[in-house]
Amino acid sequence: MITSQQKLAALRALDRRRFIQVSAGSLAYVATGCDQRKESVESRSSRVIVGVPGEESLQLDAQQLWVTSLPLMALNDNGEYEGRLAERWEHSPDFREWTYYLRRGVRWHDGHAVTAHDIKFWLELLCSPDVLEFAPGSFESIDVLNDYTVRVRQRGRMWNDYRWEYPQFPRHLLEHLDTKQFWDWDFWKHPVGAGPYRFVRYEPQTMMEFEANPDFYSEKPRIARVVAKFVGQGGLADLLAGNVDAITRVDPAWIPTLAADPRFRLYHSTDYPSFATIAWQHRDPLFRDVRVRRAMTLAINRRELAQLQHFPADAPLADGPVTRRQLQRGGLEEPLPYDPVQSRALLDAAGWREQ
């Protein structure tokens with residue numbers, strides 16, 4: 001398994017994770033010092049235009065919408081959880097019951113207070129048969145203890161961490177909408193959240209624009225405005241022409257050229273990491289013997305494959321599944337090396353012979 005983990009510093013006062021989320025992907029190219037754009041991206045009066053692939057980005061899982069809202073908590077660059085809407089939390093010894101204490105004074109962009117009732121409503125909605133973003137029955141109970149405390153009891157041990165990192169949206173604007181039309185709600189084109197950016201305007205087939213939230217509970221981002229410009233697949237032409245400041249994806253064949261161009265800077269994110277995986281089918285008679293599977297792994301120069309795929313030079317290798325939190329924390333176990341001699345010995349021991 002090969003994964004892109006390297007993550008460079010983005011713009012100082014804009015949370016690095018948030019900038020990459022605006023860019024909507026695990027790989028982004030950002031124009032720096034282009035002649036076409038004299039304004040500094042670190043200026044508080046600046047605007048950044050991000051090329052995103054098509055209007056499918058208006059769906060709930062799109063990162064444009066994430067910057068308008070906040071999760072209960074999120075991983076920082078060290079792989080540790082930090083509070084967002086939740087100021088603090090506690091869990092039972094079996095990790096099944098979680099109690100979240102919300103920050104007081106946090107408001108949705110329309111001025112309404114964020115409360116525990118919003119959290120309960122949203123988690124239940126995501127489990128509903130009409131939405132199924134989370135599996136039905138994920139929770140045994142969701143109880144509002146007071147306006148700023150919610151207790152969630154789940155079935156089994158802690159399931160996917162990212163669910164606590166899911167963006168939250170307001171009950172008072174959504175509770176009367178038809179859940180059967182959830183994915184087509186007009187709300188997604190005019191989102192209201194409590195995040196560092198608030199929605200400004202939407203132009204079909206063209207763009208969505210966001211501005212820094214003046215009522216944000218934490219430090220306000222230096223980038224005053226972010227424009228998500230719909231550029232079709234890739235947007236490389238727009239980047240080269242200076243029509244956008246960043247694109248979220250690029251054909252791997254272009255990475256060496258762009259990386260060598262001083263106008264651009266490459267950012268990698270472990271928020272939504274890219275993986276290249278080789279998996280052995282255990283049910284196939286050829287690979288049932290663990291010695292054979294190990295020999296095949298030792299026979300492949302995975303570092304060379306990573307270079308051919310234009311992964312960063314320090315992209316980690318792993319011999320099994322890893323979590324996003326492990327990637328951010330680092331310290332993965334040393335993977336099997338490229339060792340043709342040992343590979344051949346194992347195949348010999350397993351009864352394989354060259355023909």
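The overall content of the model, a four-stranded sheet with its packed helix, and the largest pocket are described in turn.

The structure is a predicted model. The protein contains 10 helices and 15 strands. Of its 355 residues, 49% are buried. When contacts between residues at least 6 apart in sequence are considered, 67% of them link residues at least 24 apart.

An open sheet is built from 4 strands, arranged in the order E6-E7-E9-E8 with antiparallel pairing. The edges are occupied by strand E6 (86-91) and strand E8 (139-146); each of these has a single partner strand, so one side of each lacks a neighbour in the sheet. From one strand to the next, the twist averages 15°. In the order of the sheet, E7 and E9 stand between E6 and E8. Strand E7 (residues 97-102) and strand E9 (residues 149-154) run antiparallel and are joined by 5 bridges. Within this pairing, tryptophan 98 has valine 152 of E9 as its bridge partner.

Helix H3 (residues 116-126) packs on this sheet, where it touches E7, E8 and E9. The direction of H3 makes an angle of about 165° with that of E8, the edge strand that spans residues 139-146. H3 is mostly covered, with 8 of its 11 residues buried. The buried residues are Ala116, Asp118, Ile119, Phe121, Trp122, Leu123, Leu125 and Leu126. Burial was assigned to residues with under 20% relative accessible area. The partners against which the buried residues of H3 pack are E7, E8 and E9, together with helix H4 (171-174). The contacts of the buried residues of H3 thus include three strands of the sheet and a further helix.

The largest pocket encloses about 390 Å³ of space. Its lining consists of 17 residues, of which Ile278, Trp280, Thr297, Asp319 and Gly320 are the closest to the pocket centre. Helix H7 (residues 290-298) provides the largest share of the lining, with 4 residues. By residue class, the lining of the largest pocket comprises 9 nonpolar, 4 polar and 4 charged residues. Among the residues closest to the centre, Ile278 and Trp280 belong to the nonpolar class, Asp319 to the charged class, and Thr297 and Gly320 to the polar class.

Methods. Residues are numbered from 1 along each chain as its sequence is written. This is a predicted model: local features need pLDDT of at least 70, side-chain atom pairs count only at pLDDT 80 or more; totals for chains, interfaces and linings use all residues. Side-chain values use heavy atoms; hydrogens and water are left out. Two strands pair if DSSP finds at least two bridges between them. Helices (H or I, at least four residues) and strands (E, at least two) are DSSP runs, numbered from the N terminus. Axes are lines fitted to C-alpha atoms, for helices over the stretch in contact, and angles run from 0 to 180 degrees between N-to-C directions. Contact means heavy atoms within 4.5 Å. On a 1 Å grid over the protein atoms alone, a cavity is a set of points where a 1.4 Å probe fits but cannot get out, and a pocket is an open set with protein on both sides within 12 Å along at least five of seven lines; lining residues have an atom within 4 Å of a point. Grid points are joined across faces, edges and corners, and a volume is the space filled by probe spheres set on the points. Buried means under 20% relative accessible area, exposed over 50%, partly exposed in between (1.4 Å probe, protein chains only).
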